[in-house]
Amino acid sequence: MAFVPATTGRAAPAIAELTLGMSGQGRPITALKIGDGARKFALVGDTHGGPEANTFQLVSQLADYFRAHPDEVPAGVRLYIIPTLNPDGLALGTRFNASGVDLNRNMNTGTDGCAENDWRNFVQGAYGIESSTGGPYAESEPESRLIRDFLLDAAGVIFFHSNGGDVFPAFCEHAPSIALAQAYAAATGYRYDRYWQNYLITGGMHDWAGGLGIAAITPELASGDLPEFEQNRAGVQRILQQADALH
């Protein structure tokens, strides 16, 4: 289905370039903001630094696209596009932040009702590797605290990762997250999975968000190096079309 802008005949949404805060090594974490609507929605790239640099490329391209097409953001939405949450890992070529912590294992996931995905220091990671990279305690890292504080008032968030070729919602039974993931999968052609099939994610950002009632999904790009822009643009457009369903 071709994308049709949600509204016509209105002033172009306001656009702003923001610095949300700094990484552990002092690199800026930035966002593009489009619109002033009541529903806050965020796109977050590159939580896993250098090994998932294609998600940085993707979200940067999405920022460029929506900067050029702000009318595609509905009047009721404030869209924030964050190309990298882990600029230190991107610069250093590592999955972790500068302190050696996996940011997607560092969140307090104790509020979602599913004990098995609660934060822990010893975690499972890519390629089945287990390591003590969950951090010394939940939300120990400046990048984790930044995204926590920034998203507390959000209606929905997409955390982009690679490379699994699927999209999955928050682990516990959170209906808005499940609906968001199913819609995204239908628009992109990625496989819908009820949860990440390869191993258990503990302290994950999507589960932290879902536990607070924020609709949260994780698309896993199919490639480890390509941004897959067209697919994901279609997915974001589909979500924006049905933004009224976000609370």
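Helices (H or I, at least four residues) and strands (E, at least two) are DSSP runs, numbered from the N terminus. The model shown in these views is predicted.

**Asp225 lies in the loop between β11 and α6.** Asp225 is exposed, because its relative accessible area is 55% and exposed means over 50%. Leaving out residues up to four places away in sequence, Asp225 touches Asn54 and Gln57. A polar contact of 2.6 Å links the side chain of Asp225 to the side chain of Ser223. Look also for Ser162. Asp225 and Ser162 are 63 residues apart along the chain, yet their C-alpha atoms are separated by 8.5 Å.

**Glu228 has a positive phi.** Glu228 shares the loop between β11 and α6 (229-241) with Asp225. Phi of Glu228 is near 50°, and Glu228 is a residue other than glycine. Most residues other than glycine have a negative phi. Is Glu228 buried or exposed? Glu228 counts as buried, because its relative accessibility is 14% and the cut-off is under 20%.

**Glu220 sits in strand β11 (residues 215-221).** UniProt lists Glu220 under "active site", in an unreviewed entry. Glu220 is buried, with a relative accessible area of 7%. Which residues does Glu220 touch, not counting those up to four places away in sequence? They are His161, Ser162, Asn163, Gly164, Gly165, Asp166, Phe168, Tyr190 and Trp196. One link to pick out runs from the side chain of Glu220 to the backbone nitrogen of Asn163, at 3.2 Å.

**A cis peptide bond joins Ser162 and Asn163.** Omega here is about 5°. Most peptide bonds are trans. Asn163 is placed in the loop between β8 (161-162) and β9. Both Ser162 and Asn163 are among the residues that Glu220 touches.

**Thr218 is another residue of strand β11.** Thr218 is buried, with a relative accessible area of 3%. Beyond residues up to four places away in sequence, Thr218 touches Phe159, His161, Asp166, Val167, Phe168 and His206. Three of these names, Asp166, Val167 and Phe168, return in the next view.

**Strand β9 is covered on both faces.** Asp166 and Phe168 lie on one side. Val167 and Pro169 lie on the other. All four are buried. Which strand pairs with β9? The partner is β10 (residues 191-192), in the parallel sense, over two bridges. Within this pairing, Val167 stands opposite Tyr192 in β10.

**Cys114 and Cys172 form a disulfide.** The structure holds one disulfide. A disulfide is a covalent bond between the sulfur atoms of two cysteines. In this pair the sulfur atoms are 1.6 Å apart. The link of Cys114 and Cys172 is right-handed, with 135° about the S-S bond. Cys114 lies in the loop between α2 (87-92) and β5 (123-124), and Cys172 in the loop between β9 (166-169) and α4 (175-188), so the pair ties together parts that are 58 residues apart in sequence. Cys114 is buried, at a relative accessible area of 15%. Cys172 also counts as buried, at 11% relative accessibility.

**Helix α3 (residues 142-151) has a set of buried residues.** Which ones are they? Look for Glu143, Ser144, Leu146, Ile147, Phe150 and Leu151. These residues cover an arc of only 160° around the axis, so they lie on the same side of α3.

**Thr47 lies in the loop between β3 (39-44) and α1 (53-68).** Thr47 is buried, with a relative accessible area of 0%. Setting aside neighbours within four places in sequence, Thr47 contacts Leu85, Asn86, Arg95, Leu103, Asn104, His161 and Met205. One of these, His161, is also touched by Glu220 and by Thr218.

**Asp46 has a positive phi although it is not a glycine.** The value is about 55°. Asp46 is found in the loop between β3 and α1, as is Thr47. Is Asp46 buried or exposed? Asp46 counts as buried, at 0% relative accessibility.

How values were computed
Residues are numbered from 1 along each chain as its sequence is written. This is a predicted model: local features need pLDDT of at least 70, side-chain atom pairs count only at pLDDT 80 or more; totals for chains, interfaces and linings use all residues. Side-chain values use heavy atoms; hydrogens and water are left out. Buried means under 20% relative accessible area, exposed over 50%, partly exposed in between (1.4 Å probe, protein chains only). Contact means heavy atoms within 4.5 Å. A disulfide is a pair of cysteine sulfur atoms within 2.5 Å. The arc is that of the directions from the helix axis to the C-beta atoms. UniProt positions are given in the numbering used here, feature names are shortened, and annotations may be inferred rather than shown by experiment. A polar contact is a pair of N or O atoms within 3.5 Å; within protein, one must be able to donate a hydrogen and the other to accept it, and residues adjacent in sequence count only if both atoms are side-chain atoms. Two strands pair if DSSP finds at least two bridges between them.
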